[in-house]
Amino acid sequence: MKLLDVELHKALIEALDSAQKAKDLPSFELPKEVTVEHPKDQSLGDFATPMCMKLAGEAHMNPLRIAEIVVEHLPKIPFLDSVEVAPPGFINFRLSESWLTSQIEAILDMPDDYGKIDMEEGQRVQVEYVSANPTGPLHMGSARNAVLGDVLASVLETAGYDIQREYYVNDAGSRMRAFYETLYARYAQALDQDAAVPEDGYHGPYMVDIGEEIAAGHGKRFLELPREKALKEIGALGLEHVVKEAREDLALLGIEYDRWFSEQSLYENGQFERVMGILQKNGYLYEHEGATWLKATALGGEKDEVVIRSDGTPGYFASDIAYHYNKFVERGFDRVIDVWGADHQGHVPRMKAMMKALSLDPSRLEIIIYQLVTLKRGGEMVRLSKRTGDIVTLREVLDEVGNDAMRYFLLSRSADSQMEFDIDLAKERSQDNPVYYVQYAHARICSILRRARDVEHTDGDVTLLTSEPEQALIRQMLRLPEVVRMAADLLAPHHLTYYAYELAGAFHTFYRDCRVLSSDPEDKEMTKARLKLVRACKITLARALEIMGMNAPERM
């Protein structure tokens, strides 16, 4: 379906061009972007533009007069009922009632594709999200990362992009060494050996569990190997265990990846050396105090960055450089979107500098920074797991509240807003719970359609749907493609939660004020028309839920 604001944008530019050719407006450069928005006061119309006030300076004319001239030159727009000029220079557009009702048929004709748009068909975009260090179970911060990244990928797919979802496994570097040392100690302890966990190791009880599991499966075999060999082999088992659990947790949340990418592979296949050679050739590396540095400040970074430490091991940033070279150059993605936690905010400037050092356009890399999640139960903060006394894991909360509530709540705020996740509210089966409120609207629709299964309504006359609740519901249904476009443009999938809630509210109001099923023969035609509207609303609500990765239940 066409995006109405885009069509109005085109018509306004055409009107400006026509007015200039007719000498009704002076010559000035036509704007590339024209704001077309929904007025806050809905009585003013469905869309409005403040364009003429912005052009007043260039045209040296009263904005109200510019608006009048533009309206005179507007081409005929079939979906409009009226176009009005309002002080101090707004142009307000009102949709045609007959056109609105005709869109019910259009939605019914595309039950699986409604909401899809074509913004950048074929552009290859990689969305990389979660990518937590494989040193322990996923926690609630990772859960927010997962939902943000996954729904953003779905939004971009719906908007016409070619999407790849990726999890970057950080299986190289000093933190993995600390993980392996810890696991070896816990394994040895499980076999009654005296072994100390390193101070910079991982002290959570989950490491005890993994150590005991390896001891039960392999006995004393690793104690009999040279330590470095034992660390390598036991580390591989621990890594496999943690990654397997991450896969399982994310699958329970409805998240599947196209690729799990190993950081270690960058070093094993020679990618890291090739990238360092490129940076050296381009003159962006230098030696200082035994370490190798990237001249990030020369590229817009806040400070120069170590890429190879004085002991010869690659720094954390070195892997980032090689990994993004692999994404953009080796695999040829047009855009890459990384979803990172707030503790990585300071890394953004150096990532942009890295892009320049690799002769890549920095705008092709977009980094979404999300804020922390605070858990609440009974009005109080939850800091530790009830089961282990350690971190609260993704799995623990998911088991308690379920997939749909987890997704909706974690998506319901913009990424840059801190979030409180109320566990009690997420479990509540009442209209105070927004998840229940939205899904109940779909279940109520399904109930209506079950009761009406013997009513033949394919020939229903949708032009009968002229009441305020009916028209308001249709208007909300038609906003889905627009919301998809906005969420894709802004990389802000939280707008879908607002939309789904507002659509559910419009349906509940319609249901309250407009009787759908009636046994009165005089109401037969209205019943048939309203059943069409209800079916179209079911499609729209289910599509919104589907894009968010949530279920559209038929019974509740």
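## Aromatic pairs, cores and internal spaces of a predicted model

The aromatic pairs number 19 by the ring-centre criterion, in a model that is predicted. In one of them, Tyr129 and Tyr257, the ring centres are 4.9 Å apart and the planes stand at 35°, so the pair counts as tilted. Tyr129 belongs to the loop between β4 (124-128) and α5 (140-158), and Tyr257 to the loop between α8 (227-252) and β6 (259-262); the pair therefore ties together parts that are 128 residues apart in sequence. Both Tyr129 and Tyr257 are buried. Another aromatic pair, Tyr286 and Trp293, is stacked, with 6.4 Å from centre to centre and 15° between the planes. Tyr286 has a relative accessible area of 27% and is therefore partly exposed. Tyr129 and Tyr257 also belong, with Tyr167 and Trp260, to one aromatic cluster.

### The chain as a whole

The chain has 556 residues, of which 54% count as buried. Its secondary structure consists of 20 helices and 14 strands. Taken along the principal axes, the C-alpha atoms fill a box of roughly 85 × 65 × 40 Å. Of the contacts between residues at least 6 apart in sequence, 71% join residues at least 24 apart.

### Nonpolar cores

The largest nonpolar core holds 150 residues, and the members that touch the most others are Met140, Leu156, Tyr167, Leu250, Met406 and Phe421. Helix α20 (residues 524-547) is the element that gives the most to this core, contributing eleven residues. Apart from this core lies another, of 35 residues, which include Phe317, Tyr323, Ala353 and Met355.

Met140 illustrates how members of the largest core meet. When residues up to four places away in sequence are not counted, Met140 touches Val373, Leu375, Val392, Thr393, Leu394, Val397, Met406, Leu410 and Phe421. Two of these partners, Met406 and Phe421, are themselves among the members of the largest core that touch the most others.

### Cavities and the second largest pocket

A search of the whole structure finds two cavities of 30 Å³ or more. The largest cavity contains about 90 Å³ of space. Its lining is made up of 14 residues, with Gly136, Leu138, Tyr167, Val242 and Ala246 closest to the centre. Tyr167 is also a member of the aromatic cluster described above. Two elements, β5 (162-169) and α8, give two or more residues each to the lining of this cavity, and α8 has the largest share, with five residues.

The second largest pocket has about 1,100 Å³ of space. Of the residues that line this pocket, His38, Asp46, Phe47, Arg479 and Glu482 lie nearest its centre. At least two lining residues come from each of α1 (4-21), β3 (90-95), α4 (97-108), α17 (468-477) and α18 (480-490). Among the contributors, α18 gives the most, with seven residues.

The composition of the two linings is set out below.

| Lining | Nonpolar | Polar | Charged |
|---|---|---|---|
| Largest cavity | ten residues | two residues | two residues |
| Second largest pocket | 20 residues | six residues | 13 residues |

### Backbone features and a partly exposed arginine

Pro87 and Pro88 are joined by a cis peptide bond, with omega about 0°. Pro88 is placed in the loop between β2 (80-86) and β3.

Two serines have a positive phi although neither is a glycine: for Ser131 the value is about 45°, and for Ser359 about 60°. Ser131 is in the loop between β4 and α5, which is also the loop that holds Tyr129. Ser359 is in the loop between α12 (348-357) and β11 (365-370). With a relative accessibility of 13%, Ser131 counts as buried because the cut-off is under 20%. Ser359 has a relative accessible area of 62% and is therefore exposed, the cut-off being over 50%.

Arg274 is part of helix α10 (residues 271-281). Its relative accessible area is 43%, so Arg274 is partly exposed. Leaving out residues up to four places away in sequence, Arg274 touches Asn269 and Glu330. From Arg274 to Leu464 the separation is 190 residues in sequence and 68 Å in space, C-alpha to C-alpha.

How values were computed:
Residues are numbered from 1 along each chain as its sequence is written. This is a predicted model: local features need pLDDT of at least 70, side-chain atom pairs count only at pLDDT 80 or more; totals for chains, interfaces and linings use all residues. Side-chain values use heavy atoms; hydrogens and water are left out. On a 1 Å grid over the protein atoms alone, a cavity is a set of points where a 1.4 Å probe fits but cannot get out, and a pocket is an open set with protein on both sides within 12 Å along at least five of seven lines; lining residues have an atom within 4 Å of a point. Grid points are joined across faces, edges and corners, and a volume is the space filled by probe spheres set on the points. Helices (H or I, at least four residues) and strands (E, at least two) are DSSP runs, numbered from the N terminus. Ala, Val, Leu, Ile, Met, Phe, Trp, Tyr, Cys and Pro count as nonpolar, Asp, Glu, Lys and Arg as charged, and the others, Gly among them, as polar. A nonpolar core is a set of buried Ala, Val, Leu, Ile, Met, Phe, Trp, Tyr and Cys residues joined through side-chain atoms within 4.5 Å. Buried means under 20% relative accessible area, exposed over 50%, partly exposed in between (1.4 Å probe, protein chains only). Contact means heavy atoms within 4.5 Å. Rings of Phe, Tyr and Trp (its six-membered ring) pair if their centres lie within 6.5 Å; planes under 30 degrees apart count as stacked, over 60 as edge-to-face and the rest as tilted.
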